[in-house]
Amino acid sequence: MATTGTQGFVILDFGSQVTQLIARRLREFQVFSEILPYDVDIEVLKAKKPLGIILSGGPQSVNTPKAPLRDVGGFPGIAPVLGICYGMQLMAKSLGGLVETAKVQEYGLRGIQWKKSLYKKIPAKHNVWMSHGDIVKVPPPGFEILATTDNNHPAAMAGARMLAVQFHPEVTHTQFGSEFLNHFVF
């Protein structure tokens with residue numbers, strides 16, 4: 001269901017240096033996307049009638065005083081939501097989970113293990129690109145951990161109309177990153 005024109009995916013930018021890559025990957029699928037500031041008014045989001053909302057990564061911790069925070073609880077009523085890295089942590093914090101500094105921070109290529117198959121074209125174990133110092137220690141109520149890292153940190157979680165990953169599927173270093181994004185988009 002690729003779309004052109006004004007209806008497509010909205011990417012909320014939390015300051016990641018690779019936010020533009022998310023939009024590029026969607027363009028490769030022939031799908032329109034628009035990057036908006038993280039604090040765009042929710043009424044603006046509703047008026048756009050997006051097919052999905054993507055929360056980008058970002059350079060800060062959700063636990064720092066000046067972190068770009070917002071409530072994401074109303075987003076699933078607008079469209080399915082995908083959180084990437086900081087987006088996963090924001091989703092957890094906003095919805096009642098616990099995010100804390102990891103004892104072992106994960107940067108670069110890391111292995112993950114899916115607890116259950118998300119999609120036939122993605123193997124249960126593969127390498128992904130990580131870039132984070134915080135982890136989701138406790139997922140929000142109603143969320144299930146779908147994958148863990150080799151350090152046993154949550155790498156993916158899902159709730160009602162919400163999916164989040166700690167890794168960056170938009171970068172080429174992530175094996176099956178395009179397949180993962182394709183799964184969310186279609």
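Biologist: Which element supplies the largest share of the lining of the largest pocket?

Modeller: This is a predicted model. Helix 3 (86-94) and strand 6 (125-138) each give at least two residues to that lining. The largest share is five residues, and it comes from strand 6.

Biologist: What is the volume of the largest pocket?

Modeller: A probe the size of a water molecule, rolled over the atoms, shows where empty space is left. For the largest pocket, the volume is about 370 Å³.

Biologist: Which residues are the closest to the centre of the largest pocket?

Modeller: The lining holds 21 residues. Five of them are named as closest to the centre: Gly58, Pro59, Cys85, Ser131 and His168.

Biologist: How many residues of the lining are polar?

Modeller: Split the lining by residue class. Seven residues are nonpolar and one is charged. The polar ones number 13.

Biologist: Now the sheet. Which strands are at its edges?

Modeller: Nine strands form an open sheet with mixed pairing. Their order is 2-1-3-4-9-8-7-5-6. An edge strand here pairs on one side only, and that holds for strand 2 (33-37) and strand 6.

Biologist: What is the average twist from one strand to the next?

Modeller: Take the step from each strand to the next in the sheet. The twist averages 20 degrees.

Biologist: Which residue is the bridge partner of alanine 156 in strand 9?

Modeller: Strand 8 (residues 154-159) and strand 9 (residues 162-165) run antiparallel, joined by four bridges. In strand 9, the partner of alanine 156 is valine 165.

Biologist: What angle does helix 1 make with strand 1?

Modeller: Helix 1 (residues 19-28) packs on the sheet. It touches strand 1 (9-13), strand 2, strand 3 (52-55) and strand 4 (81-84). Its direction and that of strand 1 make an angle of about 170 degrees.

Biologist: And helix 4: at what angle does it run to strand 4?

Modeller: Helix 4 (residues 177-185) lies across strand 1, strand 3, strand 4, strand 5 (98-114) and strand 9. To strand 4, it runs at about 155 degrees.

Biologist: What is the radius of gyration of the protein chain?

Modeller: The chain has 186 residues, so a compact globule would have a radius of gyration near 16 Å. The value for the protein chain agrees with that: 15 Å.

How values were computed. Residues numbered from 1 in each chain as written. Predicted model: local features only at pLDDT ≥ 70, side-chain atom pairs only at ≥ 80, totals over all residues. Heavy atoms only, no water. 1 Å grid on protein atoms, 1.4 Å probe; cavity = no way out; pocket = protein on both sides within 12 Å on 5 of 7 lines; lining within 4 Å. Points joined across faces, edges and corners; volume = space filled by probe spheres on them. Nonpolar A, V, L, I, M, F, W, Y, C, P; charged D, E, K, R; others polar. Pairing = 2+ DSSP bridges. Axes fitted to C-alpha atoms, helices over the stretch in contact; angles between N-to-C directions. Contact = heavy atoms within 4.5 Å. Rg over C-alpha atoms; globule rule 2.2 N^0.38 Å.
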